[in-house]
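Let us walk through a protein model one helix at a time. Keep the picture open and turn it as you read.

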Amino acid sequence: MILEAKGSWAEAEKAYSSLLEDNPLDQVILKRTATMAKAQGNLSGAIDLLNKYLEMANEESSNGKGAAVSEGGRKEEMRGSEGEGGGSGWGERWEWTGAAAQRYMADQDAWRELGEIYVSLQMYKQAAFCYEELILSQPTNPLYHLAYADVLYTLGGLENLQSAKKYYASATDLTGGKNTRALFGICLCTYAIGQLTKGRNKEDKDSSELQSLAATALEKDYKRIAPAKLSSLTSTLKSLNLSS
């Protein structure tokens with residue numbers, strides 16, 4: 001890490017490679033190599049290294065300690081270079097067994113870092129998979145629900161927008177209605193869904209109640225925290241037909 005701090009990337013990489021020869025499963029060193037690649041602006045390299053780190057259980061399978069099964073080419077989807085279109089593929093899951101698999105796949109820091117890199121590269125489909133993993137590992141963390149909802153909203157499409165609204169709602173619930181971003185997310189999703197369905201949405205009644213609660217909560221928060229901006233909020237909500 002001293003070599004990294006000095007910017008001696010080649011020497012640092014050589015030192016890490018030497019350490020990995022002695023212990024190929026060293027989690028700290030594996031993640032440092034990914035961090036180093038990111039620090040140099042090599043985001044594609046960081047993605048490859050993080051994926052390799054998260055797939056280390058594959059190496060255990062030859063010893064009968066664990067195995068990774070990819071359904072429908074899911075691994076290639078995670079590594080893919082194109083980030084547009086399609087759903088997140090919630091049903092296409094990786095099935096992992098063995099202690100090594102649990103150790104690596106439960107590494108929330110690695111999944112979060114990978115998801116953030118994908119988002120920065122606008123590879124939203126791949127980012128969605130990372131946030132799915134994070135929600136599975138820690139379902140009560142509202143930040144993961146919020147990040148996943150943001151990705152689904154960005155992907156767009158009726159199904160993704162409906163899912164995004166549900167995850168914005170869960171983030172709101174997990175924070176006791178205190179997350180302004182999630183409240184705005186509910187309002188924006190409701191408007192976008194309404195534009196796509198034009199009144200044909202079977203969930204119109206529930207959606208109306210939810211957006212009304214979100215709009216009311218937003219106005220209450222603005223009155224308390226930023227009263228000078230309340231008029232701007234009210235105008236924005238009215239333009240979206242979402243004013244409480």
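What follows is a tour of helices, ring pairs and loops.

First, a caution: this model is predicted.

Begin with helix 3, which covers residues 27–39. Does its length make sense? Helix 3 has 13 residues, and at 1.5 Å a residue they should span 18 Å. The C-alpha atoms at its ends are 18 Å apart, so the two values agree.

Now look at the sides of helix 3. Which of its residues are buried? They are Ile29, Leu30, Thr33, Ala34, Met36 and Ala37. These residues cover an arc of only 160° around the axis, so they sit on the same side of helix 3. A general rule helps here. An α-helix has 3.6 residues a turn, so residues three or four places apart point the same way. The face of helix 3 turned away from the buried side carries Val28 and Ala39, which are exposed. After helix 3 comes Gly41. The phi of Gly41 is positive, near 85°.

Helix 14, residues 230–239, can be read in a similar way. Here Leu230, Leu233 and Leu237 are buried. Their arc around the axis is only 60°, which puts them on the same side of helix 14. What does the face turned away from the buried side carry? That face of helix 14 has the exposed residues Ser231, Lys238 and Ser239. Asn241 follows helix 14, and its phi is positive, near 55°.

Next, the aromatic rings. A pair of aromatic rings is described by the distance of the centres and the angle of the planes. How many aromatic pairs does a search of the whole structure find? It finds 3. One of them joins Trp111 and Phe129. Their ring centres are 5.8 Å apart and their planes stand at 70°, so this pair is edge-to-face. Trp111 belongs to helix 8 (residues 108–120), while Phe129 belongs to helix 9 (residues 124–137). The two residues are 18 apart in sequence, so the pair ties together separate parts of the chain. Are these residues buried or exposed? Trp111 has 2% relative accessibility and counts as buried. Phe129 is buried too, with a relative accessible area of 1%.

Another aromatic pair is formed by Phe184 and Tyr222. Its centres are 6.4 Å apart, its planes make an angle of 85°, and it is edge-to-face. Phe184 lies in helix 12 (residues 180–197) and Tyr222 in helix 13 (residues 204–225). These parts are 38 residues apart in sequence, so here too the pair ties them together. Phe184 counts as partly exposed, because its relative accessibility is 23% and the buried range is under 20%.

Stay with helix 8 and helix 9 for a moment. Glu116 is found in helix 8. Its relative accessible area is 38%, so Glu116 is partly exposed. Glu116 and Ala127 are 11 residues apart along the chain, and their C-alpha atoms are separated by 7.2 Å.

Now move to the loop between helix 8 and helix 9. Leu121 is there, and so is Gln122. Leu121 is partly exposed, at 36% relative accessibility. Leu121 and Leu43 are 78 residues apart in sequence, yet their C-alpha atoms are 8.4 Å apart in space. Gln122 is also partly exposed, at 48%. What is notable about its backbone? The phi of Gln122 is near 60°, a positive value in a residue other than glycine. Most residues other than glycine have a negative phi.

Finally, see how helices pack. Two packed helices are described by the angle between their axes and the distance between the axes. Helix 9 and helix 10 (residues 142–155) pack at about 155°, and their axes are 9 Å apart. The two are therefore roughly antiparallel to each other. The crossing of helix 9 and helix 10 is left-handed.

What about helix 11 (residues 158–174) and helix 12? Their axes come within 9 Å and cross at roughly 155°. That angle makes helix 11 roughly antiparallel to helix 12. The crossing of helix 11 and helix 12 is left-handed.

Definitions and conventions
Residues are numbered from 1 along each chain as its sequence is written. This is a predicted model: local features need pLDDT of at least 70, side-chain atom pairs count only at pLDDT 80 or more; totals for chains, interfaces and linings use all residues. Side-chain values use heavy atoms; hydrogens and water are left out. Helices (H or I, at least four residues) and strands (E, at least two) are DSSP runs, numbered from the N terminus. The expected span of a helix is 1.5 Å times one less than its number of residues. Buried means under 20% relative accessible area, exposed over 50%, partly exposed in between (1.4 Å probe, protein chains only). The arc is that of the directions from the helix axis to the C-beta atoms. Rings of Phe, Tyr and Trp (its six-membered ring) pair if their centres lie within 6.5 Å; planes under 30 degrees apart count as stacked, over 60 as edge-to-face and the rest as tilted. Axes are lines fitted to C-alpha atoms, for helices over the stretch in contact, and angles run from 0 to 180 degrees between N-to-C directions. Angles under 35 degrees count as roughly parallel, over 145 as roughly antiparallel, 65 to 115 as roughly perpendicular and the rest as oblique. A crossing is left-handed if the near helix is turned anticlockwise from the far one by less than a right angle, and right-handed if clockwise.
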